[in-house]
Amino acid sequence: MIITQQDAEVVIAVALDAAGLVQRMRRSGGLEVKSKSNDIDLVTAADVACEHFIREALAARFPAVGLLGEESNRAPTEEYFWVVDPIDGTTNYANNLPHCAVNIALQHQEETLLGVTVHLAMDWVYYARRGAGAFVRQPNGSEERLHVNQADRLRRALLTTGFPSTRGEVADDNTAEFTYFVQHASDVRVLGSAALDLAFVAAGISAGYWEFGINPWDVAPGALLVREAGGLVTDYEGAPWTLYGRRLVASNGQPGLHDALLGGIRTARQTLLAAD
Ligand code: IPD
């Protein structure tokens, strides 16, 4: 299956319509915030409605393609499938913090062919087709190719991260890694959307991002964005990140920086093990 720019436009249109739906639901109130695996792992009525909308809209155009969605979370049996996070940054959304995204990737088994991330409040469309580069499109239609930045060491690198929803229940909660990078990097931000964290690495806004406990729907589109923008996406050991990998490090690909990210994580996690 060759993914054309025309296919990408169909998916972008679906993602923008989905973003519109989510924004209308927020404005009309009654978010119906509920919890999932524990009381800080949230889902709203808009997450469920948006995933349903995306499923129907994509099935109408691509009937043979399966779907792995955050809210339905059923393993697809099809060779080609969509990976969908209807709202990445649900906690932000539930608190009216306008930093969240609709996230859609097209997979051929473990290989991501297309990634689309729409910033809900800004209507920025980040998208990448495998082998064809990564782009951001503004609401006025203007488009720019994305390139990672050149920060080559931690002291020059703005980083982002996120914390697992098991925090407070287990010692291994990313605070050791966070402390290390707060002390060694230019700075660290916790923005609440892994999808946008990766889009920002691709766009050269931040130089790196790490997180564990992530799911394919949080990061599949963004990993392609970063790779197509010239960056590197690995696991915590430095091997290429794969779709179901729960630990991810993304960077601008500068060897000095990526190695420093892996080394920092290793050092921080050793401290954690020593304290066990
Ligand atoms: C979450 C966000 C957050 C990250 C979590 C994800 P969700 O996704 O991406 O930034 O730290 O690991 O689960 O639940 O809002 O779709």
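In the predicted model, a backbone N or O atom of Gly89 lies 2.7 Å from an oxygen atom of the ligand. Two further backbone approaches to ligand oxygen are found: a backbone N or O atom of Gly192 lies 3.1 Å from an oxygen atom of the ligand, and a polar backbone atom of Ser193 is likewise placed 3.1 Å from a ligand oxygen. Taken alone, the ligand exposes 380 Å², of which the protein buries 83%.

The ligand is located in the largest pocket, where it is surrounded by 13 residues. The closest of these are Asp85, Gly89, Thr90, Ala194 and Glu211. Gly89 thus appears both among the closest residues and as a source of a backbone atom facing a ligand oxygen. With respect to secondary structure, strand β4, which spans residues 80-88, supplies the largest share of the surrounding shell, namely three residues.

A succession of antiparallel pairings involves strands β6, β7 and β8. Strand β6 (residues 111-119) pairs with strand β7 (residues 124-129) in the antiparallel sense, and six bridges connect the two. These strands form a hairpin with four residues between them. Within that turn, Asp123 adopts a positive phi of about 55 degrees. On its other pairing, β7 is joined to strand β8 (residues 133-137) through five bridges, again in the antiparallel sense. The hairpin formed by β7 and β8 has three residues between the strands, and Gly131 in the turn has a positive phi of about 85 degrees.

The register of these strands can be followed through Ala128. This residue of β7 is the bridge partner of Gly115, and Ala134 in β8 is the bridge partner of Ala128. Ala128 therefore takes part in bridges to both Gly115 and Ala134, given that strands β6 and β7 pair with each other, as do β7 and β8, under the criterion of at least two bridges.

A separate set of contacts centres on Asn149, a residue of the loop between β9 (143-145) and β10 (158-161). The side chain of Asn149 makes a polar contact of 2.9 Å with the side chain of Asn252. A polar atom of the Asn149 side chain also lies 3.5 Å from the backbone oxygen of Ser206. When neighbours within four places in sequence are left aside, the residues in contact with Asn149 are Gly204, Ile205, Ser206, Ala207 and Asn252. Both polar partners, Ser206 and Asn252, are included in this set.

Note on methods: Residues numbered from 1 in each chain as written. Predicted model: local features only at pLDDT ≥ 70, side-chain atom pairs only at ≥ 80, totals over all residues. Heavy atoms only, no water. Polar contact = N/O pair within 3.5 Å; in protein donor to acceptor, adjacent residues only side chain to side chain. Contact = heavy atoms within 4.5 Å. Near = heavy atom within 4 Å. Areas by Shrake-Rupley, 256 points an atom, 1.4 Å probe, with all protein chains shown as cover. 1 Å grid on protein atoms, 1.4 Å probe; cavity = no way out; pocket = protein on both sides within 12 Å on 5 of 7 lines; lining within 4 Å. Sits in = over half its atoms within 2 Å of the grid points.
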